[in-house]
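Me: I have a structure on my screen and would like to talk through its side-chain contacts. Could you take my questions one at a time?

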Amino acid sequence: MMRTAIMVMLAAAFGASGAIAQDPPADRQITGAVSPLPDSLKPGAAVLGYSQGSLVTLRQGTNAMICVADDPAASGFHAACYHRDLEPFMARGRTLRGAAKSRPEIDSIRFAEIEAGRLSMPEHPAALYSVFLQSEFDPATGLPADARGLYVIYMPYATEESTGISTVPAPDRPWLMFPGMPWAHVMISR
């Protein structure tokens, strides 16, 4: 009985310490977080990163972009930067994911909140830049040649008819995702 109790306590202790990956230094998180942006936007972007497993502000911004550093607890590497007018929408998504909501639940909740006027979306096009790597980001060498970029231009309620942009996904041209929705956006991948 005592042995079982000790094993349970050890498992809990090691499980808890292993659940939170070590946070990289802030400067490394900032370098990785701004990596999807064009060079002209990198210096002024605000950066959200990780400290003790929580998302915190690592750097205040001086331009319209907000970047989110790679989550050290996730495999591979992903950084995303978006226009500050998308922050209410993005922050709400993070909150709902943190509450273990599914993607359909998140979409449903955010849609209802947008329609009710409790969650704002920009009334103008707004960019999101992101990059994905299967490996880890090395700030000394930058992004490797196999980095996958995904660029998005949010155009709330846009449709194929209002934009002339096809809604058929294609790897070789932009296409409109979620047409007619508040989070309609043009997808551009490389």
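Me: Is phenylalanine 178 buried, partly exposed or exposed, and at what relative accessibility?
Reply: Happy to help! Buried means under 20% relative accessible area and exposed over 50%, with partly exposed in between (1.4 Å probe, protein chains only). Phenylalanine 178 therefore counts as partly exposed, with a relative accessibility of 27%.

Me: Before we go on, what kind of model is this, and how are residues numbered?
Reply: This is a predicted model, where local features need pLDDT of at least 70 and side-chain atom pairs count only at pLDDT 80 or more, while totals for chains, interfaces and linings use all residues. Side-chain values use heavy atoms, leaving out hydrogens and water, and residues are numbered along each chain as its sequence is written, from 1.

Me: What is the geometry of the aromatic pair between phenylalanine 111 and tryptophan 183?
Reply: Rings of Phe, Tyr and Trp (its six-membered ring) pair if their centres lie within 6.5 Å; planes under 30 degrees apart are stacked, over 60 edge-to-face, and the rest tilted. The search of the whole structure gives five aromatic pairs. For phenylalanine 111 and tryptophan 183, the centres are 6.2 Å apart and the planes stand at 85°, so the pair is edge-to-face.

Me: Where along the chain do phenylalanine 111 and tryptophan 183 sit, and how many residues apart are they?
Reply: Helices (H or I, at least four residues) and strands (E, at least two) are DSSP runs, numbered from the N terminus. Phenylalanine 111 belongs to helix α4, while tryptophan 183 is in the loop between β7 (175-177) and β8. This pair links distant parts of the chain, 72 residues apart.

Me: Is tryptophan 183 buried or exposed?
Reply: Phenylalanine 111 is partly exposed at 32%. Tryptophan 183 has a relative accessibility of 4%, so it counts as buried.

Me: Which residues form the aromatic cluster?
Reply: Tryptophan 183 also pairs edge-to-face with phenylalanine 178, at 6.5 Å centre to centre and 75° between the planes. The one cluster is made of Phe89, Phe111, Tyr154, Phe178 and Trp183.

Me: Which residue lies over the face of phenylalanine 89?
Reply: A charge sits over a ring if NZ of Lys or CZ of Arg is within 6 Å of the ring centre and within 35 degrees of the ring normal. At 3.7 Å from the ring centre of phenylalanine 89, the residue over its face is arginine 110.

Me: How many salt bridges are there?
Reply: A salt bridge is a side-chain nitrogen of Lys or Arg within 4 Å of a carboxyl oxygen of Asp or Glu. One of them joins arginine 94 to glutamate 87, with the closest N and O atoms 2.7 Å apart. By this rule the count is four.

Me: Which helices does the salt bridge between glutamate 113 and arginine 92 link?
Reply: The closest N and O atoms of glutamate 113 and arginine 92 are 2.7 Å apart. The two residues lie 21 residues apart, in helix α4 (residues 103-115) and helix α3 (residues 87-98) respectively.

Me: What separates arginine 103 and aspartate 107 in helix α4?
Reply: These two residues form a salt bridge, with closest N and O atoms 3.2 Å apart. Because arginine 103 and aspartate 107 are four residues apart in helix α4, the separation is about one helical turn.

Me: Which residue in β8 stands opposite tyrosine 151?
Reply: Two strands pair if DSSP finds at least two bridges between them. Strands β6 and β8 (residues 185-189) are antiparallel, with five bridges. The residue opposite tyrosine 151 is isoleucine 188.
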